[in-house]
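Q: Please take a close look at one part of this model: the side of chain B that touches chain A. What is it made of, and how is the rest of the chain laid out?

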Amino acid sequence: MKKLLVLFAMVMSMSGCAAIDYFDMARFDNNEYLLAVNVRTQANLGARKCGTPEANHEVSMLWSDALKLKNYAESIENNEETVTMSTELLEIVRGLDQRYNIDKKEVSMSYCTSKFGLIEKNATIITNVVGKKPR
Amino acid sequence: MDAMNELKEWVGNNNTELADWAAEAEAYTNDFKSGALSEDEYKELMEDLKRSEKISQAADDLAVRSKANEMLDNIIIAAGCVL
């Protein structure tokens, strides 16, 4: 919390070009928000299929949704934070996709539920902040 | 609502702090020790927590930037300025 206040104080004390750059940010985008919600929803649905043969398909869907979010976020100017978040999220999903659909390794139930849970938690954080971008 | 009150209210409602990554790390370690997770699964999940931290940091940055922008917009509207 303190770091947020410090950061906010720093922004308020900026002058000239630095402040202009800081305020030049990507605004709320319906498509970006929907893509983030899709990742969150797919992670929630996928967790229910852990330990079943349908898990592979759910992982593929999740990979597709996370990739769309990252690619879309990258196409928007001045969108650095969302690009960082979506890129890191995609890397988390990559491990799941690697095991299920590329290496086709045996996956433990605990790994499957933990992984989907972590992805859903992160997607929720992303959804909350992307939804509060200035209109 | 003036800008300072708005800021105070917002500071008390920080969404990203709901993410408690330390609790996750403890749960993964317990699962690994009990044999529910293999070693490589455990390592991957712990790496994921580092990525989650980066997501939380970027989310905090975005939240501050969004709020600063919103407050600036409100000030401009209140002052009746047209850019």
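A: In this model, 34 residues of chain B are in contact with 33 residues of chain A. Two residues are in contact if their C-beta atoms, placed from the backbone, lie within 7 Å. This is a predicted model: local features need pLDDT of at least 70, side-chain atom pairs count only at pLDDT 80 or more, and totals for chains, interfaces and linings use all residues. Residues are numbered from 1 along each chain as its sequence is written, and chains are lettered from A and ligands numbered from 1 in the order in which they are written.

On the chain B side, two or more residues each come from α2 (21–34) and α3 (39–79). Helix α3(B) gives the most, with 23 residues. By type, this side holds 14 nonpolar, 8 polar and 12 charged residues. Here Ala, Val, Leu, Ile, Met, Phe, Trp, Tyr, Cys and Pro count as nonpolar, Asp, Glu, Lys and Arg as charged, and the others, Gly among them, as polar.

Now the chain itself. Chain B has 3 helices and 0 strands, in the order α-α-α. Helices (H or I, at least four residues) and strands (E, at least two) are DSSP runs, numbered from the N terminus. Of the 83 residues in chain B, 25% are buried. Buried means 20 or more other C-beta atoms within 10 Å of the residue's own, exposed means 12 or fewer, and partly exposed lies in between, with C-beta atoms placed from the backbone.

One residue of α2 in chain B is B:K33. B:K33 is exposed because it has 10 other C-beta atoms within 10 Å. B:K33 and B:G80 are 47 residues apart in sequence and 63 Å apart in space, C-alpha to C-alpha.
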